[in-house]
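Here is my note on the model you sent. Please read it with the structure open.

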Amino acid sequence: MDSLIKLLKTNARLTDAELAVMLGKTEKEIADDIKKLENDGVIQGYSAIIDESVIDSNSVYALIELKVTPQSQSGFDEIAKEISQYDEVESVRLMSGGYDISVAVTGGNIRDVSQFVSQKLAAIDAVQSTATHFVLKSYKNNGIIINSSETDERGLVSP
Amino acid sequence: MIDYNKVLSKTAIEMKPSGIRKFFDIAQSIDDIISLGVGEPDFKTPWKIREAAISSLKLGRTVYTANAGLMELREEISKYFKRTIGMTYSPVDEIVVTVGGSEAIDISIRTIVEPGDEVLIVEPCFVCYAPIVSLSGGIPVSIETKAENEFRLTPDELREKITDKTKLLILPYPNNPTGAIMEKSDLEAIAEVLRETDIMVISDEIYSELTYSGKHCSIAQIDGMRERTVVINGFSKSFAMTGWRLGFMAGPKEVIKHSLKLHQYAIMSSPTTSQYAAIVALQSCEKDIQMMRDEYNMRRRYIVDAFNKLGLDCFTPQGAFYVFPCIKSTGMTSDEFCEKLVYSKKVAVVPGTAFGKCGEGFIRVSYAYSINHLKEAVKRIGEFLEEIKNN
């Protein structure tokens, strides 16, 4: 199971047939294993790792730290779920340490993101404060090295 | 003007360049080539090994070591032999740290072979054995292994080539280029033939860690074989340390003491930085080896399946990181196949003939590449096969 997860993590587009060959299993076994991982919630979904800046060089990615007042019944959950509803939001995480909730946001430009923070996030009652960090450059994302310029230094043919 | 043909050594002049060289030149002349031709890992040396080297430099450990290598490293090598093949070699006088497995091959052959001696070389194999045997005035005698035996050496094939001049057998398993291995029962049958003779064995086990079914077995483990066997291994393949140039050899002290003289006069001592790094490799990199082996294993399954689906018969190799598919169904020679493939689809593989005459009809494909790289290459080879079928 571990090696299956590892393979899917680096390339979710491998077909069941390919995975079966590589792991020395049958296609049916792979399909069953994946079904189980999905049912158990180990696999939550599949997505492509996109470098937005290639599509639009103005696009920005920001990490926002929120300090939040926990609610009497639900603690942080309700606020976090509310924030998760916005399309601009890529990820929402409850954190230990100096702040409570970490929100990753993408936007077409800095203004879009700033407006989203000041008008949407900061406007939520329970949010006490926000600190916005714009990402300048990504080097590695989801285990994938971004725009790796490393070339194969080995010769083309060697004994 | 000096006539160099008169002043230079005849042996050197007559030595043929490696069959790979010619192919390398062709591949080099073509842009955007996608290669499956490399005989070295695609992994970087594990970081803690590199760190150990850096730290040794910071500490100023930049002088020669003992001729045979750092004692601490030899002790680790001794433990390594114990835990991998269950053999005891004394770090004091039965182990030499060499400049890659290559130097170990060189000095062990020179230690054993005299002019006129016949040396049995199991082919297909790595390219350096025969030329080095010739340097010592020895006579290389090929033993051709066969695809139907999964390229294992059989006792009959061995017996057939033994004469009263036979001095040495070179046994290269797990094998480059075929990926074949010799299991314990195979080795026992070979030992049975050798025990009643004075023939020595050099067992080149550089790919021992890359064995995919069960544990690697060395011929030195078989009854009566330790006294006649020199075992060669190294860090290049198993620890992804090709550029560090570090290997080692072990054998009976009566052999090793003479090899050590050759090493001492030619090399002094192996690279000090590499030796410090190698200590860490042996002490704490078992997990890294396992990770790399698992990765190669997945690629191996993928590529064997892919070639069989393409209609190029490919036996399932159990070692190293090569597959050796048969291309006889295309009606081409290995050389033709490889040249046409590289010119028309820009995929470089190595003709089987680079590793001995009996490699004719086969190509060596390295899977020391990422799955995506392998997939692209397989796709192009598939297109190539379609095109030649339709022509």
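1. Chain A and its domains. This is a predicted model. The domain assignment splits chain A into domain 1 (2-39) and domain 2 (52-137). The centres of domain 1 of chain A and domain 2 of chain A, taken over C-alpha atoms, are 34 Å apart.

2. Chain B and its domains. Chain B is divided into domain 1 (4-45 + 287-390) and domain 2 (47-284). Domain 1 of chain B is thus written as two segments. Over C-alpha atoms, 24 Å separate the centres of domain 1 of chain B and domain 2 of chain B.

3. The contact between the domains of chain B. Domain 1 of chain B puts 34 residues into this contact, and domain 2 of chain B puts in 35 residues. On the domain 1 side, the elements that give two or more residues are α12 (286-310) and β9 of chain B. Which of them gives the most to that side? The answer is α12(B), with six residues. By class, the domain 1 side has 18 nonpolar, ten polar and six charged residues.

4. Where chain A meets chain B. Twelve residues of chain A and 21 residues of chain B make up the contact. Helix α2 (residues 16-23) of chain A supplies the largest share of the chain A side, four residues. The chain A side that touches chain B divides into six nonpolar, four polar and two charged residues.

5. The seven-stranded sheet of chain B. This sheet is open, and its pairing is mixed. Read across, the strand order is β2-β8-β7-β6-β5-β3-β4 (chain B). Which strands sit at the edges? They are β2 (95-98) and β4 (139-144) of chain B, and each pairs on one side only. From one strand to the next, the twist averages 20°.

6. One edge of that sheet in detail. Strand β8 (residues 247-250) of chain B pairs with β2(B) in the antiparallel sense, over four bridges. To find the register, look at B:Val96: its bridge partner in β8(B) is B:Met249. Helix α5 (residues 71-85) of chain B packs on the sheet here and touches β2 and β8 of chain B. The direction of α5(B) makes about 110° with that of β2(B).

7. A helix across the sheet. Helix α6 (residues 100-112) of chain B lies across β2, β5 (166-171), β6 (200-204), β7 (229-234) and β8 of chain B. Against β7(B), α6(B) runs at about 165°.

8. The α6/α10 pair of chain B. Two packed helices are described by the angle between their axes and the distance between the axes. For α6(B) and helix α10 (residues 253-266) of chain B, the axes come within 9 Å and cross at roughly 120°. The pair α6(B) and α10(B) is therefore oblique. The crossing of α6(B) past α10(B) is right-handed.

9. Residues between those two helices. From α6(B) come B:Ile107, B:Ser108, B:Arg110 and B:Thr111. They meet B:Val255, B:His258, B:Ser259, B:Leu262 and B:His263 in α10(B). What classes do the residues of this α6(B) and α10(B) contact divide into? Three are nonpolar, five polar and one charged.

10. The three-stranded sheet of chain B. This open sheet has antiparallel pairing and the order β9-β12-β11 (chain B). Its edge strands are β9 (322-323) and β11 (350-351) of chain B, each pairing on one side only. Strand β12 (residues 363-366) of chain B runs antiparallel to β11(B), and two bridges join them. B:Pro351 has B:Ile363 in β12(B) as its bridge partner. Note that β9(B) also turns up in point 3, where this strand gives two or more residues to the side of domain 1 of chain B that touches domain 2 of chain B.

11. Two cis peptide bonds to inspect. The bond from B:Glu123 to B:Pro124 is cis, with omega near 0°. B:Pro124 lies in the loop between β3 (118-123) and α7 (129-135) of chain B. Another cis bond joins B:Tyr173 and B:Pro174, where omega is about -10°. B:Pro174 is placed in the loop between β5 and α9 (184-195) of chain B.

12. A backbone angle to inspect. B:Arg245 has phi near 50°, a positive value in a residue other than glycine. Look for B:Arg245 in the loop between β7 and β8 of chain B.

Methods: Residues are numbered from 1 along each chain as its sequence is written. Chains are lettered from A and ligands numbered from 1 in the order in which they are written. This is a predicted model: local features need pLDDT of at least 70, side-chain atom pairs count only at pLDDT 80 or more; totals for chains, interfaces and linings use all residues. Domain bounds come from an automatic or database domain assignment. Two strands pair if DSSP finds at least two bridges between them. Axes are lines fitted to C-alpha atoms, for helices over the stretch in contact, and angles run from 0 to 180 degrees between N-to-C directions. Two residues are in contact if their C-beta atoms, placed from the backbone, lie within 7 Å. Ala, Val, Leu, Ile, Met, Phe, Trp, Tyr, Cys and Pro count as nonpolar, Asp, Glu, Lys and Arg as charged, and the others, Gly among them, as polar. Angles under 35 degrees count as roughly parallel, over 145 as roughly antiparallel, 65 to 115 as roughly perpendicular and the rest as oblique. A crossing is left-handed if the near helix is turned anticlockwise from the far one by less than a right angle, and right-handed if clockwise.
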